Amino acid sequence: MSFSDLFDSGFKKRNEDHFASIVRVAMEDGVITDEEKSFLDRLARRLDISEGDYAIILKDYQSHPINPPTSYDLRLERLYDLSRMVYVDHIKGDHEVIVMTKIAIGLGFSTANVKYIVDKALSLVSEGVDLDTFTEAIKTMNR
């Protein structure tokens, strides 16, 4: 096995685990809504999850380890990426907020302030801010 194969394998596994974590969040209420399914479909394509792996993960998502970001900055980076996906995919209204709220809680944001974080994240992304601006704005939103 070459070094590049090892890297690709690790990257693929991390993407699968990340995807399984989001599926787990979506399944928390026992149902994946049509909007959540559409989002998962697009996310799987972006994370390069094959159709076969997608089906396996949906069936047995709990077998994948939860790998939450280890630092607040990494959580914000992942929130930024996912917020951009939701925004670009034009998921609007209550569905947008529900999907993002579930994801934000799954990323480790407090349920006490997740609504404010999601509102701010979607607002910032709609303004087209970059990651640095997004991170700083979320960090300082309570000041």
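Which helix does Leu122 lie in? Leu122 lies in helix H6. Keep that residue for later; start with the whole chain.

**Ground rules**

This is a predicted model, in which local features need pLDDT of at least 70, side-chain atom pairs count only at pLDDT 80 or more, and totals for chains, interfaces and linings use all residues. Residues are numbered from 1 along each chain as its sequence is written, and side-chain values use heavy atoms, with hydrogens and water left out.

**Select everything**

Show the chain as a cartoon. The protein has seven helices and zero strands. Along the sequence the pattern reads α-α-α-α-α-α-α. Helices (H or I, at least four residues) and strands (E, at least two) are DSSP runs, numbered from the N terminus.

Switch to a surface view. Of the 143 residues in the protein, 38% are buried. Buried means under 20% relative accessible area, exposed over 50%, and partly exposed in between (1.4 Å probe, protein chains only).

Now turn on contacts, meaning heavy atoms within 4.5 Å. Take those between residues at least 6 apart in sequence: 69% join residues at least 24 apart.

**Colour by confidence**

pLDDT is the predictor's confidence in each residue, from 0 to 100. Its mean over the protein is 80, and 85% of the residues reach 70 or more. Helix H1 (residues 3-26) has the lowest confidence, at a mean of 67, and H7 the highest, at 95.

Select residues 1-7. Here pLDDT stays under 50, and the model has one contact beyond four places in sequence. Where pLDDT is low, the predicted coordinates should not be read in detail.

**Select Glu16**

Glu16 is found in helix H1. Is Glu16 buried or exposed? Glu16 is buried, at a relative accessible area of 11%. Leaving aside neighbours within four places in sequence, Glu16 is in contact with Ile49, Asp53, Ile57 and His64.

**Select Ile32, then Lys37**

Ile32 sits in the loop between H1 and H2. Its relative accessibility is 23%, so Ile32 counts as partly exposed. Set aside neighbours within four places in sequence, and Ile32 is in contact with Ala26, Met27, Lys37, Leu40 and Leu58.

Follow that list to Lys37, which lies in helix H2. Lys37 is partly exposed too, with a relative accessibility of 33%. Not counting residues up to four places away in sequence, Lys37 touches Ile32 and Tyr54. Draw a C-alpha to C-alpha distance from Lys37 to Ala26: 8.8 Å in space, for 11 residues in sequence.

**Select Asp48**

Move along to the loop between helix H2 (34-46) and helix H3 (51-59), where Asp48 lies. Check the backbone. Phi of Asp48 is near 60 degrees, a positive value in a residue other than glycine. Asp48 is exposed, with a relative accessible area of 64%.

**Back to Leu122**

Return to helix H6 and Leu122. At 10% relative accessibility, Leu122 counts as buried. What does Leu122 contact, leaving aside its neighbours within four places in sequence? Its partners are Ser83, Val86, Glu96 and Met100. Add Tyr80: Leu122 and Tyr80 are 42 residues apart in sequence, and 8.8 Å apart in space, C-alpha to C-alpha.

**Select H6 and H7**

Hide the rest. The axes of helix H6 (residues 114-126) and helix H7 (residues 131-139) come within 10 Å and cross at roughly 150 degrees. Axes are lines fitted to C-alpha atoms, for helices over the stretch in contact, and angles run from 0 to 180 degrees between N-to-C directions. H6 and H7 are therefore roughly antiparallel to each other; the cut-offs are under 35 degrees for roughly parallel, over 145 for roughly antiparallel, 65 to 115 for roughly perpendicular, and oblique for the rest.

Show the side chains. H6 contributes Ile117, Lys120, Ala121, Leu124 and Val125 to the contact, and H7 contributes Phe134, Ala137 and Ile138. By class, this contact of H6 with H7 has seven nonpolar, no polar and one charged residues. Ala, Val, Leu, Ile, Met, Phe, Trp, Tyr, Cys and Pro count as nonpolar, Asp, Glu, Lys and Arg as charged, and the others, Gly among them, as polar.
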